[in-house]
Amino acid sequence: MSKLVVLNLGKGDLYKGFPDVTVQLGLTNDHRAMEFRGSLPAAPEIPQLYRNWQILYSALYRYYGWSVRLEIEETDVTNFSEVEFNDLCEELSFRINIWLNSGQFRKIEQKLRTQLNPNEEICFMIATSDKLLRRLPWHLWNFFEDYPNAEIALSPLEPQRQNKIYIKEKKLRILAIFGNSKGIDISQDKRFLEKLSNQAKIKFLLEPQRKELSNELWEKGWNILFFAGHSYSQEKGVLQINQTTTITLDRLKHGLTKAIESGLRLAIFNSCDGLGLAEALEDLHIPQVIVMREPVPDLVAQEFLKHFLTEFSSGQSLYSALHKARKRLEGIEDEYPCATWLPVICQNPLEAPMTWQLHRKILTTKSVLTILLASFLVTSLIMGVRYWGYLQTSELKAFDHFMQLRSHLVTEKPDERILIITIDEADIQYQINKGMQMRWSLSDQALAQLLDKLSKYQPRTIGLDIYRDGTVDPKYPNLATRFSQDNRLFFVCKVATTDNDGDSDGIPSPDGVPKERLSFSDFVADDEVIARRQLLYLTPPPKSLCTTEYAFSLQLALHYLNKEGKTSNVTKEGYLQIGNVVFKQLNEHTSGYQKVDASGYQILLNYRSLSSVEKIAEQISLRDVLDEKIPLESIQSLKDRVILIGLSAPTNTNDYWKTPFSSSAKQKQKQIPGVFVQAQMLSQILSAVLDRRPLLWWWSGWIETVWIWIWSLLGGIIAWYYSKPLHLGLAVIAILLTLFGLCFGIFILAGWVPLIPPVLAVLTTQVIVISWFRRSHLDKRRKLNFNHD
């Protein structure tokens, strides 16, 4: 952001003085400015010095035979020396400084020095309509020796802002006119422009007819107008567009007006004596014109254009590019004296300087505050809505989708520490055919035989995931003994609930089983009976027939891990720790869970990534065990395993559950027996403690808030930056895909971070920002139209 200084000389002249001089100081894109007032005395010697300088300058380029982009007129000067010319240059510089250092003006200079930084870019405009003042080499003022980044510009006394319609393109559009080239070489100018063809769309007109030039000006969307050839200024600026046609710009007035209205922001006349051309375009309110003050030698014009285009196209500001290109001419001033005096920019102070990236937007303070405020309000609103649980359903569906997608991309092996003995319809019929007395799906006789056969295989832990309230049949005393004495054998009961499901008081445990081998089989399920959480501990209600406090999966895991030397304890924060692994407890507000019942000790269930939930472990049917049809390799691997015994017969149990995979295409609304969910829960604990398999983790509430705010902010910036619907749509798709990829990538690493809230934040913030900027734009257009009228 550069400083803007406008030195308004008013209606005076060098013969009468300037009684009403004002200086305005501000930023180039800010209309608020400081204003200083003063005056300048008359300096009648300067006009004569400058005329003498012009005469000697003309004689000099004639003497050296420079190729000058001007039809040369004869002069009376035939005898002069370079020493005389240099002395005249010094005298002119001296007189200009005496004039500008006068007492009436020195106060203004001192105030400027207190406000300007020597290191900042300064656009110093001279506002005057006096033709001689516009020709003076203002850069010779010794004030600028202390401000090396300042560049002089010329400005009209009463600038006006033109109501323009900018045609937004990916590249700048340049209309390059090459006029009469008799006696000069403008081919280098064309080469310099052609090098920019990958950055800009360039239309070359070589010695065009007036009609052809006029038609091109009426084409919409030119951003830069370039001319090389012969030109000069008398009462008006004159161009030689071809070898037979010489025109003034007023003969192209309507075409130029249309071009400016359609986005023409800069005209470059790399030709001689162009101030008359600049004045004509200033009357049409063009933002910027670059011209040569006096006749310009070919080499000077070529060197200036080369350096200017290099700097400007590389991202330098317009003033910085012109400043550096003009300074570079210093290197050829031994051959071409006063080359640095020639280039000058004429600027409408009501227009911002053009940039090469014409449609690159700059974040103003107002835009930043708007985006920040919108993102803050949207984030606050979404966090509030989320806190009250209105986004929970969609967030849990996103969780399920991640689980399903992960199972396709990441494949885990079944847990080899677990064996599941299933009891299906065929096993029940098998017991009936054997004449066994059936009270449950697993008769006492079948259970006694099963435990006898399993005993010789030496499993470490046996879990019976079947309710068996009541006493054991007296016919099987060994079974009752096992119930009371076999420390490997664990049973389940059901804790009392408040639901009217027929088991409101729960289901008790079998008689004779010690409390330390009893556990509850209850799940915590979300809407639609989906098991995403694992309940490890609870306090049964007083009325419950099941009084145990520990979950079936936890009891089995602790018994199995005890032999591995992994014991449990409670951390100072109150979390369960087994070995070195801490099982972080869910609370009422945990990631996608908001306002959820978090009673007891719950953790997230990180299902194993398998093609099917039921493939968590090896399975053998009850009848195969009783008939000793177990494969030899399975028999050998039964030692030290956890044996789960459970029902898989759909008509004999209500213990069926949906999982995050139930809504997938392959398992649409599929429910699975509870024994497989128990196996998933057991495997999670064993794998976390023994294999360092990560448990699902989540961020704290304030980190999630920052996460959502960042995406809301990005959504606002994108809405501000892209104005075309297609570009905005593609940007929105890109940012949402990036968000999804990040969330899923973190999920693969066992992290559950918000997806749905930031998606809503991105879209909502964009709607607000777009609406605000459109309204602001319409207000500006109405104001401009009102002022224009």
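Of the 789 residues of the protein, what percentage count as buried? In this predicted model, the share that counts as buried is 54%, and that is a useful figure to keep in mind while moving through the views below.

**The whole chain**

Begin with the complete C-alpha trace, which spans about 140 × 50 × 50 Å along its principal axes. The radius of gyration is 44 Å, whereas a compact globule of 789 residues would have one near 28 Å. Colouring by secondary structure should bring out 22 helices and 29 strands. If a surface is drawn, about 36100 Å² is exposed, with carbon and sulfur atoms supplying 52% of it. Among contacts with a separation of 6 or more, 76% are between residues 24 or more positions apart.

For a sense of distance, select T393 and P337, whose C-alpha atoms are separated by 79 Å although the two residues are 56 apart along the chain. T393 belongs to helix α12, residues 392-409, and is partly exposed because its relative accessible area is 49%.

**A nonpolar patch on the surface**

Next select V368, L369, L372, L373, F376, L377, W702, V706, W709, I710, L714 and I717, which together make a nonpolar surface patch of about 1100 Å². Two elements, α11 (365-387) and α20 (701-721), each give two or more residues to this patch. One member to centre on is L372, placed in helix α11; with a relative accessibility of 35%, L372 counts as partly exposed.

**Two views of the interior**

Now turn to helix α16, residues 552-562, which is largely enclosed by the rest of the structure, since eight of its 11 residues are buried. The buried positions to highlight in α16 are F552, S553, L554, Q555, L556, A557, Y560 and L561.

Then move to Q431 in helix α13, residues 425-433. The relative accessibility of Q431 is 0%, so this residue counts as buried. A polar atom of the Q431 side chain lies 2.8 Å from the backbone oxygen of S441. Leaving aside residues up to four places away in sequence, Q431 touches I423, M436, M438, S441, L442, S443, A446 and L622.

**Salt bridges**

Side chains of opposite charge can pair when their charged atoms come close. The structure holds 38 salt bridges, and a few of them merit a stop.

Select E109 and R113 first, where the closest N and O atoms of the salt bridge are 3.1 Å apart. Both residues lie in helix α3 (residues 103-115), four residues apart, or about one turn of the helix. E109 is buried, its relative accessible area being 9%, whereas R113 counts as partly exposed at 29% relative accessibility.

Continue to R623 and D424, which form a salt bridge whose closest N and O atoms are 3.2 Å apart. This pair links distant parts of the chain, for R623 is in helix α17 (residues 622-626) and D424 is in the loop between β15 (418-423) and α13, 199 residues apart. R623 counts as partly exposed at 26% relative accessibility, and D424 likewise counts as partly exposed at 22%.

Finally, select E618 and R641, whose side chains meet in a salt bridge at 3.3 Å, N to O. Here E618 is in strand β26 (residues 618-621), while R641 is in the loop between α18 (632-637) and β27 (642-647), 23 residues apart. E618 is partly exposed, with a relative accessible area of 30%, but R641 is buried at 6%. To close the tour, display K131, R134, E279 and E282, which salt bridges with shared partners join into one network.

Technical notes
Residues are numbered from 1 along each chain as its sequence is written. This is a predicted model: local features need pLDDT of at least 70, side-chain atom pairs count only at pLDDT 80 or more; totals for chains, interfaces and linings use all residues. Side-chain values use heavy atoms; hydrogens and water are left out. Patches are made of residues with over 30% relative accessible area and no salt bridge: like charges are joined within 9 Å, nonpolar side chains (Val, Leu, Ile, Met, Phe, Trp, Tyr) within 5 Å. Accessible areas come from the Shrake-Rupley method with a 1.4 Å probe; for residues, only the protein chains shown count as cover. A salt bridge is a side-chain nitrogen of Lys or Arg within 4 Å of a carboxyl oxygen of Asp or Glu. Buried means under 20% relative accessible area, exposed over 50%, partly exposed in between (1.4 Å probe, protein chains only). The radius of gyration is taken over C-alpha atoms; the globule rule is 2.2 Å times the number of residues to the power 0.38. Contact means heavy atoms within 4.5 Å. A polar contact is a pair of N or O atoms within 3.5 Å; within protein, one must be able to donate a hydrogen and the other to accept it, and residues adjacent in sequence count only if both atoms are side-chain atoms.
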